[in-house]
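Good morning, and thank you for coming. I shall speak about internal spaces, a few residues around them, and the cysteines.

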Amino acid sequence: MYRDSAPLSDWPWAQLGSLKYILYGPLVAKALYAHLGGGYEADQNWCFHVLWITALRCLICQAWLSYCNMHFLTKNHKIRKHGVEYEQIDREWDWDNFLILQAYMAIAAHHFLPFLRAMPFWNPQGLIYLIVLHMGPAEALYYWAHRAFHHDFLFSRYHSLHHASVTLQPSTAGTATFLEHLFLTCVMAIPLLGASWLGKGSILLVYLYILCFDFLRCMNHCNVEVVPMFIFRCMPPLKFLICTPSYHSLHHTETDTNFCLFMPAYDYLANTINKNSWLVHHSIREGQTDRVPDFVFLAHVVDLLSSLHVPFVFRSFSSTPFSTRWFLLPLWPFTIPVMFAMWAWAKPFVHTFYVLRGRLHYTWVIPRFGFQYFLPFAQEGINNLIEDAILSADKLGVKVISLAALNKNEALNGGGTLFVQKHPNLRVRVVHGNTLTAAVIINEIRTDVKEVFLTGATSKLGRAIALYLCRKQVRVLMLTSSTERFQAIQKEAPVECQKFLVHVTKYQAGQNCKTWIVGKWISFREQNWAPSGTHFYQFVVPPIFQLRRDCTYGKLAAMELPGDVEGLGSCEYTMSRRIVHACHAGGVVHSLEGWEHHEVGAIDVDRIDIVWKEAIKHGLKPVQVPALEQSFLYWSTGIPALEYCGSCTAIPVLHQRILALMIKKS
C-alpha cells in the first residue's frame with residue numbers, strides 16, 4: 001500500500017490544489033517579456049517553447065482520454081472491461097503535476113547548460129543521436145530502475161500509487177510520486193541533453209521527442225488495444241521494439257513481468273516478459289463479443305453546456321455533478337456544430353456503464369437536445385430514434401429498458417405506450433420509472449402535512465401523487481385550468497376520498513399552504529404566492545430556480561444506488577456521485593425483480609408502495625427524507641425510516657441520532 005509519508009513521495013505544491021497552476025505565472029511573464037520586450041532570449045524564447053510544449057502534452061493526454069472513454073468506439077478492443085470508478089478518478093486528479101516539475105527542470109537546464117542556448121530550429125542529424133541514446137542508455141536505465149521500484153521497500157513507499165489503478169487510463173501514466181517523476185525526467189533528459197551536448201540538438205527535436213514520449217506513454221495506459229496485428233505479421237522484429245497497451249496492462253495485473261518503457265527487447269533479454277503478452281494482444285485485436293447488458297437507461301442530452309459533461313470530453317469533470325464552470329464557456333461555440341452534426345447523422349450510442357450484482361447496466365443516449373423535443377417537426381424523428389433503440393435492445397436480448405425524462409413525454413409517445421402497442425411481442429420490458437419517482441416524492445413529504453399545493457396536477461406524476469395523498473386524507477389543491485381533467489382524476493379516487501381533491505385555477509390558492517409540489521415550471525412571480533417557510537418539492541425538468549431565500553427547495557426525485565455497484569465513475573447530470581434519477585432507479589428495480597410487465601402509460605397507484613418497498617429491499621437509498629418525521633413509507637409498509645435512511649449521507653448526523661432515539665423510545 002502506498003505510504004504518503006515517505007521522503008519525496010508528496011508533491012511540493014500538493015496543498016495548493018487547483019492553485020498550483022499559478023506556478024506557471026513566472027514562465028508566462030518571462031515568455032511575454034522576451035517576446036514583447038526583446039530580451040536576450042527573444043530569438044528563441046525558451047519559456048515560450050516550454051509553455052507551448054506543456055500545452056501540447058495536455059492535449060495529447062486529453063485526446064487519449066477522450067478516445068479510450070468512447071465506449072461506443074472502443075468496446076470491442078477494450079483490454080479490461082471494468083469501468084473506472086470514482087476512487088481512481090480522485091487518485092489521478094492531479095496527474096499533470098509532472099508537467100510543472102518538468103517545465104521548471106527544463107528552465108533550469110537551459111539556464112545552467114550553455115549548449116542548450118544556441119540550438120538551431122532543426123538539425124536532421126540529431127534524430128539519429130536521439131534514437132540511439134534512447135534505445136540504449138535511456139531504455140536500459142528505465143528498465144533496471146523500474147525493477148528496483150518493484151522491490152518491497154520502494155514499491156510500498158512509492159510505486160504502489162501508480163499500480164493502485166488496474167483499469168488503466170492515460171491519466172494513470174502521470175499518476176506517480178514526486179521521486180518517480182524526478183527519475184523519469186532524468187531518463188527523458190538523456191537523449192535530449194546527449195544530442196545537444198554533441199552539437200546535434202535542435203528546437204524541433206525537443207518538441208518531437210517529448211511529444212512522442214507522452215504519446216506512447218498515454219497509448220500504453222489507454223486500456224484499448226490500438227496496435228493492429230498486421231504490423232507484427234509484416235515485420236516480426238517490431239515485437240522487440242513496440243510496447244502495446246495490452247503488453248503494459250499485463251504489467252499492472254502481473255507485476256513481476258513486462259517492465260520495459262517502450263521496448264520489449266529488454267524484457268526478452270532479462271527474461272521478464274509475460275508469456276501471454278502476444279496471445280492477449282492477438283485475442284483482443286481479433287475482436288471480442290460485447291457482453292449483452294441486462295438493463296439499459298435511455299437518456300438524452302439536456303442542453304449545449306451539459307453535453308460536455310461526459311467521460312469522453314472531461315473525465316474528471318464528468319465524475320462530479322454538473323454545474324456551469326468557467327472552462328466550459330470557451331467550448332460552448334463548438335457544441336453548436338456538434339449538435340447539428342448529431343441531428344443529421346448520429347444514432348443512439350453508449351454513454352456509460354456499470355455492474356450491479358453481476359448485471360451489466362448501460363446508459364444509452366438519444367442524440368437530441370432538450371429543446372428539440374418541443375419542436376413539432378422533430379418529434380417524429382425522435383420517436384424513431386427511441387423506437388430503434390428499443391428494437392435494438394430487444395434484438396440484443398436486453399431485459400429492461402428505462403426511458404429518461406423527455407424520452408417518455410406524454411405528448412411525444414404517451415409515456416412509452418406508443419412503442420408497446422406498436423410492437424406487442426417485445427421481449428424487452430419498457431419502463432418509464434415514474435412509479436418509483438412518485439414514491440420518492442411522496443416519501444419525502446412529512447407525515448404531519450395535511451395540505452399540499454400541486455402544480456402539473458393532471459400529468460402522469462401529478463395524477464398519481466394526488467390520488468395517493470387523498471387516500472392518506474391529505475387535502476390536495478390541484479392547479480389546472482381543465483375542469484374535465486380534474487374531474488376525471490377525482491372519479492378515480494375512492495368515493496370517501498374524493499373530497500380531499502380540490503380544483504383550483506390560480507396560484508393565489510396556495511398562499512396559505514407551506515407544501516408545494518411543483519410539476520410545472522413556475523417563475524419568481526408565481527413562487528411569490530407561496531408563504532414564507534414553504535418547501536418546494538418538484539418533479540419538473542429543468543428544476544425551478546431557487547429564488548426565495550425564505551423558502552426551501554427539494555431536488556429532483558432521485559435515489560442512491562446500492563453500495564455494491566461496480567465500475568461507476570460518472571455523475572448523472574446534476575446528481576451527486578452514485579445517485580441516479582428516480583426513473584433510472586425504477587428501471588433498476590424492475591430489472592432486479594425480474595418483473596415481466598411493461599411499465600408505460602398511466603401510473604398504477606396501487607403499485608407505488610410495492611415498488612418503493614422493493615427498492616428499499618434491494619439497497620437503494622432515498623436522498624432526501626424528512627428530518628424529524630417518519631415518511632409515508634412507515635404508514636404504507638411498516639418499515640421505519642431509520643432502516644432505509646441510516647446510511648444516507650445526505651441526512652445530517654444530528655437528525656439520524658434524533659431518529660434513532662425516537663425509534664428506541666417507541
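Before I describe any lining, one convention is needed: Ala, Val, Leu, Ile, Met, Phe, Trp, Tyr, Cys and Pro count as nonpolar, Asp, Glu, Lys and Arg as charged, and the others, Gly among them, as polar. Please also bear in mind that the model on the screen is predicted.

Let me begin with the second largest pocket. On that convention, its lining comprises 19 nonpolar, eight polar and six charged residues. The lining residues number 33, and those nearest the centre of the pocket are Tyr21, Trp95, Asp96, Phe314 and Phe327. The space in this second largest pocket comes to about 1,300 Å³. Helix 2, residues 46-68, gives the most to the lining, with eight residues.

I turn now to the enclosed spaces. Rolling a probe the size of a water molecule over the atoms shows where empty space is left. How many cavities of 30 Å³ or more does the count come to? The count comes to three.

The largest cavity holds about 250 Å³ of space. It is lined by 18 residues, and Tyr142, His159, His162, Leu184 and Arg217 are the closest to its centre. Four helices each supply at least two residues of this lining: helix 6 (125-149), helix 7, helix 9 (178-197) and helix 10 (203-220). Of the elements in this lining, helix 9 gives the most, with four residues. By class, nine residues lining the largest cavity are nonpolar, seven are polar and two are charged.

The second largest cavity has a volume of about 220 Å³. Its lining has 21 residues, and the closest to its centre are Asn69, Gly83, Val84, Arg315 and Phe353. Here the largest share comes from strand 2, residues 349-356, which provides three residues. The classes in the lining of the second largest cavity are five nonpolar, 12 polar and four charged residues.

Two of the residues just named, Gly83 and Val84, lead to Thr167, since Thr167 touches both of them. Where does Thr167 sit? Thr167 is in the loop between helix 7 (152-163) and helix 8 (170-173). Its relative accessibility is 4%, under the 20% limit, and therefore Thr167 counts as buried. The other residues that Thr167 touches, leaving aside those up to four places away in sequence, are Arg80, His82, Gln88 and Asn223. With Arg80 there is also a polar contact between the two side chains, at 2.4 Å.

A second threonine may be set beside it. Thr335 lies in helix 15, residues 332-345. Thr335 is likewise buried, because its relative accessibility is 5%. Apart from residues up to four places away in sequence, Thr335 touches Leu304, Ser307 and Leu308.

I close with the cysteines. The number of disulfides in the model is zero. Why is Cys58 not bonded to Cys61? The closest cysteine sulfur to that of Cys58 is in Cys61, 7.6 Å away, and this is too far for a bond because a disulfide needs the two sulfur atoms within 2.5 Å. Cys58 counts as partly exposed, because its relative accessibility is 28%. Cys583 is in no disulfide either, and the nearest cysteine sulfur, that of Cys571, is 16 Å away. At 9% relative accessibility, Cys583 counts as buried.

Thank you; I shall be glad to take questions.

Key. Residues are numbered from 1 along each chain as its sequence is written. This is a predicted model: local features need pLDDT of at least 70, side-chain atom pairs count only at pLDDT 80 or more; totals for chains, interfaces and linings use all residues. Side-chain values use heavy atoms; hydrogens and water are left out. On a 1 Å grid over the protein atoms alone, a cavity is a set of points where a 1.4 Å probe fits but cannot get out, and a pocket is an open set with protein on both sides within 12 Å along at least five of seven lines; lining residues have an atom within 4 Å of a point. Grid points are joined across faces, edges and corners, and a volume is the space filled by probe spheres set on the points. Buried means under 20% relative accessible area, exposed over 50%, partly exposed in between (1.4 Å probe, protein chains only). A polar contact is a pair of N or O atoms within 3.5 Å; within protein, one must be able to donate a hydrogen and the other to accept it, and residues adjacent in sequence count only if both atoms are side-chain atoms. Contact means heavy atoms within 4.5 Å.
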